[in-house]
Amino acid sequence: MNERIPREAPAIARRVDPNGPLWSVMITTYNCFPFLGEAIASVLQQDPGADVMEIEVVDDGSTDGDVKAQVEKIGKGR
């Protein structure tokens, strides 16, 4: 039987590129489209630049809106 909740945290590999961003912001979304624009805008207001911070939006199959279009509209390539 597959367990839904793992017994231990997954191992996360270290970043290979020492010149990459110092830290990451992950925005997860699943059927919370009405709040996505505000979340992205908030992160972008605090963005020190791509060389310091990377931003990732992870969509787990939302059905309440076009997440990709929203990211492209508000993120403007960032």
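**Helix packing and the strand 1 end in a β-α-β-α chain**

In this predicted model, helix 1 and helix 2 meet through two sets of residues: Phe-33, Leu-36, Gly-37, Ile-40, Ala-41 and Leu-44 on the helix 1 side, and Val-67, Gln-70, Val-71, Ile-74 and Gly-75 on the helix 2 side. Sorted by class, this contact comprises 8 nonpolar and 3 polar residues, with no charged residue taking part. Helix 1 spans residues 33-45, and its axis lies 10 Å from that of helix 2, at an angle of about 30°. Because angles under 35 degrees count as roughly parallel, helix 1 and helix 2 are described as roughly parallel to each other. The crossing of helix 1 past helix 2 is right-handed.

It is helpful to place this pair in the chain as a whole. The chain holds 2 helices and 2 strands, arranged β-α-β-α from the N terminus on. Its radius of gyration is 15 Å, whereas the globule rule gives 12 Å for 78 residues, so the chain is more spread out than a compact globule. Along the principal axes, the C-alpha atoms fill a box of roughly 45 × 40 × 15 Å. Of the 78 residues, 19% are buried. Contacts across the sequence can be described too: among those between residues at least 6 apart, 78% join residues at least 24 apart.

A closer look at two residues adds local detail. Thr-29 belongs to strand 1, which covers residues 23-29. With a relative accessible area of 3%, Thr-29 falls under the 20% cut-off and is therefore buried. Beyond its neighbours within four places in sequence, Thr-29 is in contact with Val-57, Val-58, Asp-59, Asp-60, Ser-62 and Val-67. One of these partners, Val-67, is also among the helix 2 residues that meet helix 1.

Another partner of Thr-29 is Asp-60, which sits in the loop between strand 2 (53-59) and helix 2 (67-75). Here the relative accessible area is 59%, over the 50% cut-off, so Asp-60 is exposed. When neighbours within four places in sequence are left aside, the contacts of Asp-60 are with Thr-29 and Tyr-30. Asp-60 and Tyr-30 are 30 residues apart along the chain, yet their C-alpha atoms are separated by 5.5 Å. The contact between Thr-29 and Asp-60 thus joins a buried residue of strand 1 to an exposed residue in the loop that leads from strand 2 to helix 2.

Conventions. Residues numbered from 1 in each chain as written. Predicted model: local features only at pLDDT ≥ 70, side-chain atom pairs only at ≥ 80, totals over all residues. Heavy atoms only, no water. Helix = DSSP H or I, 4+ residues; strand = E, 2+ residues; numbered from the N terminus. Buried < 20%, exposed > 50% of the residue type's maximum accessible area, 1.4 Å probe, protein only. Contact = heavy atoms within 4.5 Å. Axes fitted to C-alpha atoms, helices over the stretch in contact; angles between N-to-C directions. Parallel < 35°, antiparallel > 145°, perpendicular 65-115°, else oblique. Left-handed = near helix turned anticlockwise from the far one by under 90°. Nonpolar A, V, L, I, M, F, W, Y, C, P; charged D, E, K, R; others polar. Rg over C-alpha atoms; globule rule 2.2 N^0.38 Å.
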